[in-house]
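Here is a friendly walk through one structure, with an eye on rings, cores and open space. Have a look at it first, and then we can go through the details together.

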Amino acid sequence: MNPFPIAGLTCRATPSIFERMDFDISHLLEKWEYQPGQVVVRKFTAKDGKEKIQLRVDLGMLQMNTEGRPDGKRPFGHTSLFEYYQARLHKHLAAHHGSDEGFRLKPEECARLQLEALQYHHRYICLLQLEDYPAVVRDTERNLAVFAFVGKHAESADLAWSLQQFQPQLMMILTRARAAQALQSDDYTIAIQQIEEGLEKIRAFYRQSPRSEFLEQSGEVHSLETWLEEIRAKRPLSRREMLEQALSEAVTREDYEKAAQVRDELRNLKSAD
């Protein structure tokens, strides 16, 4: 076989058992159609008994674990690169009397953390589609911690921004997961509260970022505001709200006898509170 020099290295295509293996996955893709603009995902149990997620993409599919690092690897013996760099920081703190001065993430280290965060991004997008909201919260909170870690320890503000620019999208997905989880229990009050808090956090991020002008065009803010309006419109009225609405309608109709009756009910409700 002819050598193929790559970046100063000589690589050889070595004959092996792989030459006898069938790598063609066309038969799998033909049975699972790709749908542009949609998240086409499925969960299954693998031969090893572990749950896996598959995401259909235009040129094939992605497969990832539901727990731990999505690709199942253990960088430097840790469950993730993020945990590895956290361990390095702890050693630095121990050697420098609790000071993190001098601990900096280089460009290639930030790039590795960003690639790892992208794996988790693919997974929580799938988990959101599968309505596994606790797992979405787990993965999005994990990536937020990564962004904060890089923001604090990157060599430069530009390096930190390379990850932090994706924070509004991440916070939007976290907000959606938390609110959707509340809606599963028909708790509209908590759902609305989660969305309002999420919106405020996204707005605060933009105001404090070097790209504050992006707030006005934020697709994340627009998406959550629209969803908030929809949830408020669907929210069942409380007993107090129904009585207040009935009172308003009675006054409009000049049905003062009915209005007086409703006022009495409202007073009784307030005294019960």
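Over the ring of which residue does the charged end of R176 sit? That residue is W227, and the charged end of R176 is 4.5 Å from the ring centre. Please keep in mind that this is a predicted model. A second case of this kind involves W32, where R42 lies over the face of the ring at 3.7 Å from its centre.

**Aromatic pairs**

The rings also meet one another, and the count comes to six aromatic pairs. Two of them are set out here.

| Pair | Geometry | Centre to centre | Angle between planes |
|---|---|---|---|
| F82 and F149 | edge-to-face | 5.5 Å | 75° |
| W161 and F205 | stacked | 6.0 Å | 5° |

F82 belongs to helix α2 (residues 81-95) and F149 to helix α4 (residues 133-153), so their pair ties together parts that are 67 residues apart in sequence. Both F82 and F149 are buried.

The stacked pair links another two helices. W161 is part of helix α5 (residues 157-164) and F205 is part of helix α7 (residues 188-208), so this pair ties together parts that are 44 residues apart in sequence. Are these two rings buried or exposed? W161 counts as buried because its relative accessibility is 14%, under the 20% cut-off. F205 is buried as well, with a relative accessible area of 12%.

Elsewhere, one aromatic cluster is formed by F76, Y84 and Y85.

**Nonpolar cores**

In soluble globular proteins, nonpolar side chains tend to be buried together. Here the largest nonpolar core holds 53 residues, and those that touch the most other members are L105, L113, V150 and I195. Two or more residues of this core come from each of β4 (51-57), α2, α3 (107-129), α4, α5, α6 (167-184), α7 and α8 (219-234). Helix α6 gives the largest share, nine residues.

What does I195 touch, if residues up to four places away in sequence are not counted? Its contacts are T175, A179, L224, W227, L228 and I231. W227 thus appears here as a contact of I195 and also as the ring under the charged end of R176.

Apart from the largest core lies another one, of six residues, including L247, A250, V262 and L266.

**The largest pocket**

Now for the open space. The largest pocket has a volume of about 240 Å³. It is lined by 14 residues, and the closest to its centre are Q164, F205, Q208, S209 and P210. F205 is thus one of the lining residues as well as the stacking partner of W161. The elements that give two or more residues to the lining are α5, α6 and α7, and the largest share, five residues, comes from α5.

**Two loop residues with positive phi**

Most residues other than glycine have a negative phi, and most peptide bonds are trans. Which value does phi of D186 take? It is near 60°, a positive value in a residue other than glycine. D186 is found in the loop between α6 and α7, and it is exposed, with a relative accessible area of 57%.

For E254, phi is near 60° too, again a positive value in a residue other than glycine. E254 lies in the loop between α9 (239-252) and α10 (256-272). With 56% relative accessibility, E254 counts as exposed.

Note on methods:
Residues numbered from 1 in each chain as written. Predicted model: local features only at pLDDT ≥ 70, side-chain atom pairs only at ≥ 80, totals over all residues. Heavy atoms only, no water. Phe/Tyr/Trp six-rings, centres within 6.5 Å; stacked < 30°, edge-to-face > 60°. Helix = DSSP H or I, 4+ residues; strand = E, 2+ residues; numbered from the N terminus. Buried < 20%, exposed > 50% of the residue type's maximum accessible area, 1.4 Å probe, protein only. Lys NZ or Arg CZ within 6 Å of the ring centre and 35° of its normal. Core = buried A, V, L, I, M, F, W, Y, C linked by side-chain atoms within 4.5 Å. Contact = heavy atoms within 4.5 Å. 1 Å grid on protein atoms, 1.4 Å probe; cavity = no way out; pocket = protein on both sides within 12 Å on 5 of 7 lines; lining within 4 Å. Points joined across faces, edges and corners; volume = space filled by probe spheres on them.
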